[in-house]
Amino acid sequence: MALPLHASPLERVWYYTFRGICAAIFAFLIGPIFVILPLSFNAEPYFTFTPEMLSFDPAGYSLRWYEDFWTDINWRLAVKNSIIIAVASTLLSTSLGTLAALGLSQSNMPFRSSMMALLISPMIVPLIISAAGMYFFYSRIGLASTHLGVILAHAALGTPFVVITVTATLVGFDRSLIRAAHNLGANATTTFFKVIVPLILPGVISGALFAFITSFDEVVVVLFVGSVEQRTIPWAMFSGIREQISPTILAVATLLVLLSVMLLTTLELLRRRSERLRGMSPG
Amino acid sequence: MATIAPATEGLTTADGVSLKVSLARANARSRRRALLLVLPLLAFLTVTFVLPILDMLYRGIENSVVPETFTRTTAVIGQWDPDTAELPPESIYEAMVGDLKEAYASKSLGSAARRLNYDLPGVSSLFRKSGRRANRIEEGPYKDALLKIDKAWGEPAIWRLLHRESGAYTASYFLAAVDMRYDEQGDVAPQPEYRQIYLRLFGRTLMLSVVITVLCLLLGYPVAYLLATLPLRTSNLLMVMVLLPFWTSLLVRTTSWIALLQTQGVINDLLVLVGIVSDDGRLQMMHNQVGTIVAMTHILLPFMILPLYSVMKTIPPSYMRAARSLGANPLTAFVRVYLPNTVAGIGAGSILVFILAIGYYITPALVGGQSGTLISNFIADHISTTLNWGLAAALGVLLLGIVLALYFLYDKIVGIDNMKLG
């Protein structure tokens with residue numbers, strides 16, 4: 001969208017105004033996330049910049065909130081729970097979701113679209129409704145306030161992401177490769193692991209990442225289905241903000257931003273690999 | 001006598017089966033295999049997700065606590081005609097005394113009393129009081145004995161309530177969810193003015209969701225346009241600024257907005273420093289609707305930009321050039337050519353943002369205060385604080401109905417198959 005040489009003055013003004021507007025919107029998008037990074041190094045227990053911080057006085061900065069996070073037994077429990085629950089629910093939702101996506105992308109799948117609508121619905125139904133229903137039902141069958149209950153609930157919320165990403169990968173999948181494998185003497189299992197899996201792996205991994213972050217970031221369902229025993233990082237942040245607001249939350253938030261940068265990088269690398277494999281030009 | 005079979009029937013596979021039959025079998029086999037692959041997930045979601053939703057639906061109409069606690073009374077109350085002005089006969093009073101004694105002894109009276117109190121405020125204390133004293137009633141006449149405990153037993157309204165709610169199901173939670181109730185005569189009527197909160201709340205939720213959706217569209221459209229028209233290398237870099245918030249924890253983003261918006265927060269400090277507002281006149285931007293709107297617009301903006309971007313990416317730049325060379329000025333070219341081509345993206349993004357906004361809970365709970373809370377916050381409140389699960393379920397079902405209608409619309413406009421992520 002370069003400015004053409006023959007642009008009129010009015011067009012020039014609009015061109016730069018438009019760029020200015022977009023820059024402001026980008027600042028709105030990214031600014032709030034970066035504001036908390038310096039704030040987490042605050043030496044005082046405030047949620048804002050102190051005069052010492054603004055004058056770049058080293059005394060205004062400290063690592064005390066990171067230390068606080070690292071030594072607090074409650075935060076440690078939260079980290080442990082978050083990892084256990086996220087990993088277990090990711091494994092569950094990725095395996096079930098990948099199998100279902102393989103079935104859904106077969107040409108003669110009966111009731112394809114209504115099945116898809118049902119499988120995607122955990123993503124659409126508002127979390128508070130899923131959480132309320134799960135709380136009611138899991139209390140009946142003894143799953144409330146257990147790790148297993150939270151894991152199952154999170155796995156249900158994560159499956160739509162796996163189904164969507166793997167189905168998208170399978171759209172470009174060349175079915176004759178399966179026939180070729182059979183023709184060359186491979187049985188169904190060998191074909192699956194040696195031909196299908198390597199080709200759909202980028203889709204499976206990005207689906208798994210979505211499922212992981214869904215669980216790792218989820219708070220409404222944990223609040224209802226879980227109890228203090230199942231406190232995860234978002235759970236602790238939520239109750240922390242509500243009860244006693246401490247910059248330790250900002251330190252945790254900064255660490256979570258780092259985690260999402262890592263996830264984003266992984267996804268981008270996967271996307272490029274997938275495009276290369278399918279013979280598209282790298283974006 | 002030789003007959004010549006039609007060519008298709010004559011064709012057989014190596015083991016002698018007709019080709020048609022063999023093909024049908026192979027198709028059935030692969031259909032079965034496809035179903036088998038989907039089956040585990042279907043079964044899993046049925047147990048972990050669909051049954052919970054159905055359970056919530058059921059809780060919205062379930063009323064078993066009344067007939068279970070007042071077994072004797074609900075069995076005989078049908079003999080009394082609620083439309084008369086007369087009080088029920090002695091036999092019903094006797095049944096009630098029996099039920100009160102038993103329920104008080106088994107400590108089940110409290111939950112039944114609380115349940116009936118939702119319909120007729122004040123009856124809870126009547127039941128508790130009568131339960132405590134019913135043990136002293138040794139023999140009849142039971143009607144006089146109950147009337148001696150409390151004169152309220154002489155009011156037909158209580159007996160009408162019991163008559164109406166004696167079944168295993170009730171409509172009163174759903175009526176309450178739309179600000180209706182049964183009046184003294186047992187007819188459906190609007191709640192008194194001061195108790196009408198839910199319709200207004202639904203209205204506020206819809207209104208805030210519309211405002212947030214429109215803001216997301218206004219902010220997202222220029223950015224999506226810029227991303228779609230810039231050279232790929234630059235736009236990929238800028239895309240990171242859209243994707244990073246998308247991937248960042250919801251609570252992190254809400255926390256940032258708290259740090260920015262609160263009265264002792266970054267924005268207010270900045271305004272005081274520059275001298276736009278005085279130290280006493282700090283702006284109240286949190287714990288009200290402003291907080292909810294700003295924070296949720298920020299959180300949902302990527303969900304608008306991504307679908308818009310993927311649609312704009314498919315519009316060839318030659319369309320605009322053609323419009324211009326045919327004499328349209330830039331504005332006309334945009335309105336008549338570019339905008340109509342992006343309608344699908346606008347629809348997809350708007351419905352997605354609206355669906356997400358209407359059910360939001362966490363962000364309004366933290367930055368919304370009183371005026372910025374949504375229907376979800378009331379549902380959560382009824383589950384964990386007031387313990388009125390029936391009303392929570394009824395409100396939830398209504399919200400679910402709105403969302404499913406929009407989901408259906410989304411499916412018709414965009415198609416669920418075309419949903420893309422990241």
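In this predicted model, B:Arg115 and B:Glu165 are both buried, and their side chains meet in a salt bridge with an N to O distance of 3.1 Å. The pair ties together distant parts of the chain, since B:Arg115 lies in helix α6 (residues 109–119) of chain B while B:Glu165 sits in the loop between α9 (156–164) and α10 (172–177), 50 residues apart. For B:Glu165 the relative accessibility is 2%, and because buried means under 20% relative accessible area, this residue falls in the buried class.

A second salt bridge connects the same two regions of chain B: B:Arg164 pairs with B:Asp119, and the closest N and O atoms are 3.4 Å apart. Here B:Arg164 belongs to helix α9 of chain B and B:Asp119 to helix α6 of chain B, with their positions 45 residues apart in the chain. The two partners differ in their surroundings, for B:Arg164 is partly exposed at a relative accessible area of 26%, whereas B:Asp119, at 17%, counts as buried. B:Arg164 also forms a salt bridge with B:Glu165, in which the closest N and O atoms are 3.2 Å apart. Through such shared partners, B:Arg115, B:Asp119, B:Arg164 and B:Glu165 are joined into one network. Over all chains, the structure holds ten salt bridges.Two loop residues of chain B deserve a look at their backbone angles. Most residues other than glycine have a negative phi. B:Lys107, however, has a phi near 60 degrees, a positive value in a residue other than glycine, and B:Lys107 is found in the loop between α5 (90–105) and α6 of chain B. B:Asp179 likewise has a positive phi, near 60 degrees, and its place is in the loop between α10 and β1 (180–182) of chain B. As for accessibility, B:Lys107 is exposed, with a relative accessible area of 73%, while B:Asp179 counts as buried at 4%.

On the scale of whole domains, the assignment for chain B gives domain 1 (32–62), domain 2 (65–168) and domain 3 (198–418). The centres of domain 1 and domain 3 of chain B, taken over C-alpha atoms, are separated by 30 Å, and the contact between these domains takes five residues from domain 1 and seven residues from domain 3. About 480 Å² is buried between domain 1 and domain 3 of chain B, with carbon and sulfur atoms giving 84% of that area. On the domain 1 side, B:Met56, B:Leu57 and B:Arg59 supply 74% of the area buried against domain 3, more than any other three residues. Across this interface the rule finds zero salt bridges, and the count of residue pairs in polar contact, with both residues at pLDDT 80 or more, is also zero. Sorted by class, the side of domain 1 of chain B that touches domain 3 has three nonpolar, one polar and one charged residues.

The interface between the two chains can be described in similar terms. Here 89 residues of chain B are in contact with 89 residues of chain A, and the area buried between chain B and chain A is about 8,100 Å², of which carbon and sulfur atoms give 81%. Two salt bridges are found across the interface of chain B and chain A; among them, A:Glu11 pairs with B:Arg324, the closest N and O atoms being 3.2 Å apart. Between chain B and chain A there are eleven residue pairs in polar contact, counted with both residues at pLDDT 80 or more. Helix α2 (residues 19–59) of chain B gives the most to the side of chain B that touches chain A, contributing 24 residues. By class, the residues on that side of chain B divide into 64 nonpolar, 17 polar and eight charged.

Chain A, for its part, is assigned a domain 1 (9–60) and a domain 2 (73–245), and 36 Å separate the centres of these two domains of chain A, taken over C-alpha atoms. One residue of chain A illustrates a local arrangement within a helix: A:Thr165 is found in helix α7 (residues 147–171) of chain A. With a relative accessibility of 10%, A:Thr165 counts as buried, because this value lies under the 20% bound. The side chain of A:Thr165 reaches the backbone oxygen of A:Phe161 at 2.9 Å, and the backbone oxygen of A:Val162 at 3.2 Å.

How values were computed:
Residues numbered from 1 in each chain as written. Chains lettered and ligands numbered in written order. Predicted model: local features only at pLDDT ≥ 70, side-chain atom pairs only at ≥ 80, totals over all residues. Heavy atoms only, no water. Domains from an automatic or database assignment. Helix = DSSP H or I, 4+ residues; strand = E, 2+ residues; numbered from the N terminus. Buried < 20%, exposed > 50% of the residue type's maximum accessible area, 1.4 Å probe, protein only. Polar contact = N/O pair within 3.5 Å; in protein donor to acceptor, adjacent residues only side chain to side chain. Contact = heavy atoms within 4.5 Å. Buried area = accessible area lost by both parts, 1.4 Å probe. Salt bridge = Lys/Arg side-chain N within 4 Å of Asp/Glu carboxyl O. Nonpolar A, V, L, I, M, F, W, Y, C, P; charged D, E, K, R; others polar.
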